[in-house]
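Q: Got a minute to go over the salt bridges in this one? Here it is.

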Amino acid sequence: IMRNLFFSSILFLFHFSAQGQCGCTNCPVTMPGFGPTISTISISDATSGTLGQNGQDLRAVSLNLEHDDIGDLDISLVSPNGSTIDLSTNAGSTSSGLSSEFDICFLACAEDADPDPGFPEIFDSGAGYEANNLYTGSYYPVDNSLCFEDLSGSVNGDWRLEIFDSDFGGSGTLFGWELSFYDNDGTGCQEACSSSPCLANGGDLD
C-alpha cells in the first residue's frame with residue numbers, strides 16, 4: 001500500500017520523459033535512499049502498433065543500474081494501457097552495503113535467457129548477488145505468471161519503469177534502460193539484448 005501511495009502521490013516529481021525514443025535520454029538518474037524513481041519512455045509511430053497482433057510483442061527490456069542492495073528494490077514495467085509486470089521484487093537486505101552494477105536484460109518468454117553463472121533464469125534479487133561486481137546476464141522477470149507476450153494494447157504511448165526502494169540508507173543510480181520490440185519499424189528502437197552468436201539456434205534437420 002505504501003508503495004502505491006508513493007507512486008500515485010508524487011509521480012510528477014519523478015517523471016523523466018524520453019520523447020520518441022526507446023531509451024532513457026534523461027539518465028543517469030539518482031535513486032533516493034527511500035522511495036520511488038520513475039522513468040518514462042514515450043514510443044510513437046510504430047508501424048506495427050498493436051501488441052499481440054501480426055507477431056508484434058515487447059521482446060526485451062535492458063536495464064543498467066548501480067545500487068547498494070538490489071534486494072531492497074521493487075522494479076516494475078508499466079505498459080501504455082496500464083498493465084504491469086514486476087521485473088524484480090524486494091527480497092530484503094542481501095548485501096554488505098557496497099554497490100554492484102547490473103547491466104542486464106529481461107526477456108520475453110519466447111527468448112532464451114542466459115543468466116549470470118550460478119544464478120537462476122527467473123531473476124531473484126535475493127539469490128546472492130555480491131557487492132563490487134558487474135552482472136550482465138539476461139533473465140525472465142520475477143513475475144513468471146506473465147510474459148511480455150501477455151501485454152496487450154498499443155505499442156505507442158508512455159512506457160514507465162517504476163523503482164521503489166523500501167529501505168532507508170541505500171542509494172543508487174539508474175544509468176539507463178531501453179525497450180526492444182519484435183518489430184521496431186517506425187519506433188526508432190534498436191534490437192537490444194541480442195543473444196550471443198555462439199548460442200544461436202541452428203534449427204532442426206529431418
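Q: Is glutamate 191 buried or exposed?

A: Exposed: glutamate 191 has a relative accessible area of 56%. Cut-offs here are buried under 20% relative accessible area, exposed over 50% and partly exposed in between, with a 1.4 Å probe and protein chains only.

Q: Where do these coordinates come from, and what got filtered?

A: This is a predicted model, where local features need pLDDT of at least 70, side-chain atom pairs count only at pLDDT 80 or more, and totals for chains, interfaces and linings use all residues. Residues are numbered from 1 along each chain as its sequence is written, and side-chain values use heavy atoms, with hydrogens and water left out.

Q: OK, how many salt bridges are there?

A: The count is 3 salt bridges, taking one as a side-chain nitrogen of Lys or Arg within 4 Å of a carboxyl oxygen of Asp or Glu.

Q: Which residue does glutamate 191 pair with?

A: Arginine 59, at 4.0 Å from N to O. Glutamate 191 is in the segment after strand E13 (172-181) and arginine 59 in strand E5, so this pair ties together parts 132 residues apart in sequence. Strands are DSSP runs of at least two residues, numbered from the N terminus.

Q: Which residues make up the network?

A: Arg59, Glu111 and Glu191. Glutamate 111 bridges to arginine 59 with the closest N and O atoms 3.5 Å apart, and both of these residues are buried.

Q: Switching topic, what does arginine 160 pair with?

A: Glutamate 162, at 2.8 Å, N to O. Arginine 160 is partly exposed at 23%, while glutamate 162 is buried at 10%.

Technical notes. Helix = DSSP H or I, 4+ residues; strand = E, 2+ residues; numbered from the N terminus.
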